[in-house]
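Colleague: I have a model open and would love a close look at a single part of it. Could you walk me through that part and then place it in the rest of the chain?

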Amino acid sequence: MAGRDPVKTKERLLGAATAVFVEMGYRDATVAEICNRAEANISAVNYYFGSKKALYREAWLHAFREAMQAHPPDGGVAAAAPPEERLRGQVTAIIARIADEKCRDFAISQMELTNPTGLLEDLMRSELDPLREKTLAVVRELLGPHASDVQVQFCEVCILSMCVNPMLMKRNRHGGGGKAAHPMDDLEAFADHVVKFSLAGMAAIRGQA
């Protein structure tokens, strides 16, 4: 490894690994292919990360942090803002992040759901659970003090599903070569719809509670 900038080499390896894991999945990805794309020596993975497993974890974390930087989870809304605005910020950020094909952490996360390796379970929990807790807190605030924990969790799951599933279908449509315009391409309008739909539903549940 002498004569090479270790920081740049490690960054290239992380970028190449993320792309290869997205394209091939963990099991079919090879260290040789990753090193080839990173223009690094075949021993570079072991030198910088210790193993392919460790590289997989580091690659997902690297992609996740890049996604969080590109699309801050609060959507740029202040913590002191009304809960309706905070919900709008969170929904907008989630939709933008999933729709952004440069954010590769989502693609890897989806692979872990359909074909789990178990290698990212603890890592994803430690990074994603705090984000979910913030959404649960906003939902609980909007539902009021009389709502049950189950109602809060149901609402949070519904909101997240409205964000994730359509964007996943949008990604698959583009991946299959679909070029025709689609209503879901207007991310701002779709985020606005999800928020209005969610607020109306939670207002009804709050009234019943």
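What are the helix and strand percentages over residues 7–67, and how far apart are the end C-alpha atoms?

Modeller: Happy to take you through that part; please keep in mind that this is a predicted model. Over residues 7–67 the chain is 84% helix and 0% strand, with the end C-alpha atoms 20 Å apart. This stretch carries the UniProt annotation "domain: HTH tetR-type", which comes from an unreviewed entry. Within the same record, also unreviewed, residues 30–49 are listed as "DNA-binding region". Over residues 30–49 the helix share is 65% and the strand share 0%, and the C-alpha atoms at the two ends lie 14 Å apart.

Let us begin with helix 2, which covers residues 31–38 and holds isoleucine 34. Isoleucine 34 counts as buried because its relative accessibility is 0%, and the cut-off for buried is under 20%. Its contacts, leaving aside neighbours within four places in sequence, are Leu13, Ala16, Ala17, Val20, Phe21 and Leu55. The C-alpha atom of isoleucine 34 is also 9.0 Å from that of glycine 15, a residue 19 places away along the chain.

Arginine 37 is found in helix 2 as well. With a relative accessible area of 34%, arginine 37 is partly exposed, whereas isoleucine 34 is buried. Setting aside residues within four places in sequence, arginine 37 is in contact with Ala16, Ala19, Val20, Glu23 and Met24. Ala16 and Val20 therefore appear in the contacts of both isoleucine 34, which is buried at 0%, and arginine 37, which is partly exposed at 34%. For valine 20, the C-alpha atom is 8.8 Å from that of arginine 37, with the two positions 17 residues apart along the chain counted as their separation.

Moving along the sequence, glutamate 39 sits in the loop between helix 2 and helix 3, the latter covering 44–48. Glutamate 39 has a phi near 55 degrees, a positive value in a residue other than glycine. Its relative accessibility is 60%, so glutamate 39 counts as exposed.

Now for the setting. The protein chain has 9 helices and 0 strands, so to place our part among them the domain assignment is a handy guide, giving domain 1 as 6–59 and domain 2 as 71–207. Their contact takes 11 residues from domain 1 and 12 residues from domain 2. The C-alpha centres of the two domains lie 30 Å apart.

Two residues from later in the chain touch residues of the annotated stretch. Threonine 117 lies in the loop between helix 6 and helix 7, the latter at 121–143. Not counting residues up to four places away in sequence, threonine 117 touches Tyr26, Arg27, Tyr56 and Glu112. The C-alpha atoms of threonine 117 and glycine 25 are separated by 9.8 Å, although these residues are 92 apart along the chain. Threonine 117 is partly exposed, with a relative accessible area of 22%.

Serine 109 is the other one, placed in helix 6, residues 104–114. Beyond its neighbours within four places in sequence, serine 109 is in contact with Trp60 and Met124. At 10% relative accessibility, serine 109 counts as buried.

For a view within domain 2, glutamate 156 is a useful stop, lying in helix 8, residues 149–175. This glutamate is buried, with a relative accessible area of 4%, while glutamate 39 counts as exposed at 60%. Arg132, Thr135, Leu136 and Val139 are what glutamate 156 touches, again not counting residues up to four places away in sequence.

Finally, here is the whole chain. Its C-alpha trace spans about 65 × 40 × 30 Å along the principal axes. Of the 209 residues, 38% are buried. The accessible surface comes to about 11,600 Å², with 56% belonging to carbon and sulfur atoms. Among contacts between residues at least 6 apart in sequence, 67% join residues at least 24 apart. As for charge, the mean positions of the 25 positive and 27 negative charges are 3 Å apart.

How values were computed: Residues numbered from 1 in each chain as written. Predicted model: local features only at pLDDT ≥ 70, side-chain atom pairs only at ≥ 80, totals over all residues. Heavy atoms only, no water. Helix = DSSP H or I, 4+ residues; strand = E, 2+ residues; numbered from the N terminus. Buried < 20%, exposed > 50% of the residue type's maximum accessible area, 1.4 Å probe, protein only. Contact = heavy atoms within 4.5 Å. Areas by Shrake-Rupley, 256 points an atom, 1.4 Å probe, with all protein chains shown as cover. Lys, Arg positive; Asp, Glu negative; His and termini not counted. Charge placed at Lys NZ, Arg CZ, Asp CG, Glu CD. UniProt positions renumbered as here; feature names shortened; annotations may be inferred. Domains from an automatic or database assignment.
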